[in-house]
Amino acid sequence: MTSSLLPAASAATADSADAAQVAELLGRYLVTLDDEEPDEAWARSLFTEDAVVTFPMSRHKGRAGLAEWHRASLAAFAATQHLGSPAVVTVEGDRAVFRANVLTTHVHHPGGDRPPLFRAGTLASGAARRTAAGWRLGELSFRVLFTEGEPPKRG
């Protein structure tokens with residue numbers, strides 16, 4: 001006797017493995033912002049060629065220049081720490097959508113007239129696609145839920 005549950009169980013296992021890979025992409029993105037200097041290899045390992053990343057104060061379209069855009073954003077601070085919740089991921093074939101909460105602490109450069117820390121609680125959301133190189137982020141955006149302290153002055 002064969003079970004009709006086996007194909008569904010196999011599909012659920014595959015979706016679960018794909019969801020874990022997408023969640024890991026978001027986690028790796030957040031950790032590397034604090035621990036590495038983004039370069040083109042970093043961008044290729046995380047994003048599709050046509051990726052769109054939206055911060056509350058700016059937006060970048062395309063993988064070209066994405067690492068430099070991140071470096072410029074991070075240069076406004078002496079240090080950052082991005083803490084992400086587990087991502088909620090829904091996989092449908094070769095596409096996935098995700099959401100996670102992110103708490104970011106930004107350390108201002110010393111010597112300014114601002115409090116030393118600027119914190120933001122955000123909802124990260126986006127979409128990923130399965131590519132020939134594996135899962136990659138195609139859309140990533142952050143919606144601010146709350147802030148504490150003062151952001152850097154815009155130049």
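**Exercise 1. In this predicted model, determine which residues of α3 are buried and how they are placed around the helix axis.**

Solution. Begin with accessibility, taking buried to mean under 20% relative accessible area: in α3 the buried residues are L66, A67, W69, H70 and L74. Next, consider their directions from the axis: these residues cover an arc of only 160 degrees, and therefore they lie on the same side of α3.

**Exercise 2. Identify the residues that touch the most other members of the largest nonpolar core, and state which elements supply the core.**

Solution. The largest nonpolar core holds 30 residues, and among these Y29, W42, F47, V53 and L140 touch the most other members. Turning to the elements, at least two residues each come from α1, α2 (40–46), β1 (47–54), α3, β4, β5, β6 and β7. Of the contributors, α1 gives the most, with 7 residues. As background, nonpolar side chains in soluble globular proteins tend to be buried together.

**Exercise 3. Trace how β6 is paired with β5 and with β7, and name a pair of opposite residues for each pairing.**

Solution. Start with β5 (residues 95–107) and β6 (residues 117–131), which run antiparallel and are joined by 13 bridges; within this pairing, V97 of β5 has A127 of β6 opposite it. Then move to β7 (residues 134–148), which is also antiparallel to β6 and is joined to β6 by 13 bridges; here G126 is found opposite L140 of β7. Finally, look at the connection in the chain, where a hairpin of 2 residues leads from β6 to β7.

**Exercise 4. Describe the largest pocket by its volume, its lining and the classes of its lining residues.**

Solution. The volume of the largest pocket is about 630 Å³. Its lining comprises 27 residues, of which F55, P56, M57, F77 and H106 are the closest to the centre. Two or more lining residues come from each of α1 (5–35), α3 (66–74), β3 (79–84), β5, β6 and β7. Sorting the lining by class gives 15 nonpolar, 10 polar and 2 charged residues.

**Exercise 5. Carry out the analysis for the second largest pocket, listing its lining residues and their classes.**

Solution. This second largest pocket has a volume of about 160 Å³, and the residues that line it are D50, T90, E92, R95, A96, V97, A127, A128, R129, G138 and E139. The elements giving two or more residues to this lining are β4 (88–92), β5, β6 and β7. By class, the lining of the second largest pocket consists of 4 nonpolar, 2 polar and 5 charged residues. The opposite residues V97 and A127 from the β5 and β6 pairing both appear in this lining.

Note on methods:
Residues numbered from 1 in each chain as written. Predicted model: local features only at pLDDT ≥ 70, side-chain atom pairs only at ≥ 80, totals over all residues. Heavy atoms only, no water. Pairing = 2+ DSSP bridges. Helix = DSSP H or I, 4+ residues; strand = E, 2+ residues; numbered from the N terminus. 1 Å grid on protein atoms, 1.4 Å probe; cavity = no way out; pocket = protein on both sides within 12 Å on 5 of 7 lines; lining within 4 Å. Points joined across faces, edges and corners; volume = space filled by probe spheres on them. Nonpolar A, V, L, I, M, F, W, Y, C, P; charged D, E, K, R; others polar. Buried < 20%, exposed > 50% of the residue type's maximum accessible area, 1.4 Å probe, protein only. Arc of directions from axis to C-beta. Core = buried A, V, L, I, M, F, W, Y, C linked by side-chain atoms within 4.5 Å.
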